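Let's take a friendly walk through a few local features of this protein. Keep the viewer open as you read.

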Amino acid sequence: MIRVENVSKRFENNDTGDSVLVLDDISFIVNEQEFVCFLGPSGCGKSTLLNLIAGFMRPSAGTIRFNGSEVVGPGPDRGVVFQDPTLFPWLTARRNVEFGLQALGFNGKDRRNRASESLDMVGLNGFRDAYPHQLSGGMRQRVALARVLALEPGALLMDEPFSALDANARERLQDELLRIWADHMKTVLFVTHNVEEAAYLADRIIIMGPAPANKRKEIAIPRRDTRSRSSAETSRTIELLREVLAELPCCIPPHQSRSRT
């Protein structure tokens with residue numbers, strides 16, 4: 001479904017002539033209905049890569065294709081869930097979910113039906129008339145997920161969506177996401193720096209480090225019918241991930257590192 005071919009991203013500073021290489025010649029394929037986690041320390045280009053796939057920015061080199069077509073901008077076929085829910089505070093949960101549908105030209109009845117279905121999917125139909133300030137952080141993130149699901153995208157692109165939540169809320173939303181993924185067979189790309197989260201959620205984990213050579217290792221996780229945080233399989237995966245990450249150099253945020261072009 002997603003093909004990333006020799007992609008690099010360099011951020012230029014037009015005032016100084018300096019630039020920062022964030023992604024360097026990275027390639028991989030994501031299959032339909034696969035759950036892939038990008039794991040690595042902060043500053044190694046995980047979010048930049050997700051933004052490139054979303055079409056929010058263009059690569060400096062290489063190509064990204066979604067279902068065979070080159071990605072040249074954002075589109076409803078790729079739904080993005082951010083770390084911050086970014087809800088409109090003056091709209092109810094249902095109206096927040098309807099917002100993207102309205103922009104796409106759906107009529108009122110279809111918008112309401114889709115919004116109700118999506119809120120039900122994330123367990124929030126009983127809160128459809130609540131405003132964001134009346135919801136917990138986890139519930140606001142559920143609304144943000146429902147807003148994306150209402151568009152019926154082919155892939156969910158998720159940028160550390162649970163990192164701001166407490167441990168209990170994070171685990172509940174992880175379970176909810178896995179249920180939605182299993183029921184609706186979405187392709188999911190999930191950015192995280194949490195080893196336990198990646199080991200529990202992913203079919204495949206792409207471990208990233210700082211440029212050059214951002215893609216350091218791929219780990220496929222064969223799954224049984226059910227997943228468990230406490231299984232021997234999950235424990236082995238966590239141990240392996242920690243070993244690989246321990247060998248990576250620390251990433252330096254792009255605004256603190258410059259290299260002359």
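Which residues are buried in helix H2 (residues 93–103)? In this predicted model, the buried residues of H2 are Ala93, Asn96, Val97, Glu98, Gly100 and Leu101. An α-helix has 3.6 residues a turn, so residues three or four places apart point the same way. The buried residues of H2 pack against two helices, H3 (108–121) and H4 (137–149). Following H2 comes Gly105, with a positive phi near 95 degrees.

Next, the loops. Asn67 and Ala213 each have a positive phi although they are not glycine. The table puts their values side by side.

| Residue | Loop | Phi | Relative accessible area |
|---|---|---|---|
| Asn67 | between strand E4 (61–66) and strand E5 (69–70) | near 50 degrees | 53%, exposed |
| Ala213 | between E9 and E10 | near 60 degrees | 43%, partly exposed |

The loop between strand E9 (204–208) and strand E10 (215–220) also holds Pro212. A cis peptide bond links Ala211 to Pro212, with omega at about -5 degrees.

Finally, what about enclosed space? The model has 1 cavity of 30 Å³ or more, and the largest cavity contains about 50 Å³ of space. Its lining is made up of Leu52, Gly55, Met57, Arg58, Pro59, Thr63, Ile64, Glu70, Val71, Val72 and Gly73. Sorted by class, that lining comprises 6 nonpolar, 3 polar and 2 charged residues.

Note on methods. Residues numbered from 1 in each chain as written. Predicted model: local features only at pLDDT ≥ 70, side-chain atom pairs only at ≥ 80, totals over all residues. Heavy atoms only, no water. 1 Å grid on protein atoms, 1.4 Å probe; cavity = no way out; pocket = protein on both sides within 12 Å on 5 of 7 lines; lining within 4 Å. Points joined across faces, edges and corners; volume = space filled by probe spheres on them. Nonpolar A, V, L, I, M, F, W, Y, C, P; charged D, E, K, R; others polar. Buried < 20%, exposed > 50% of the residue type's maximum accessible area, 1.4 Å probe, protein only. Helix = DSSP H or I, 4+ residues; strand = E, 2+ residues; numbered from the N terminus. Contact = heavy atoms within 4.5 Å.
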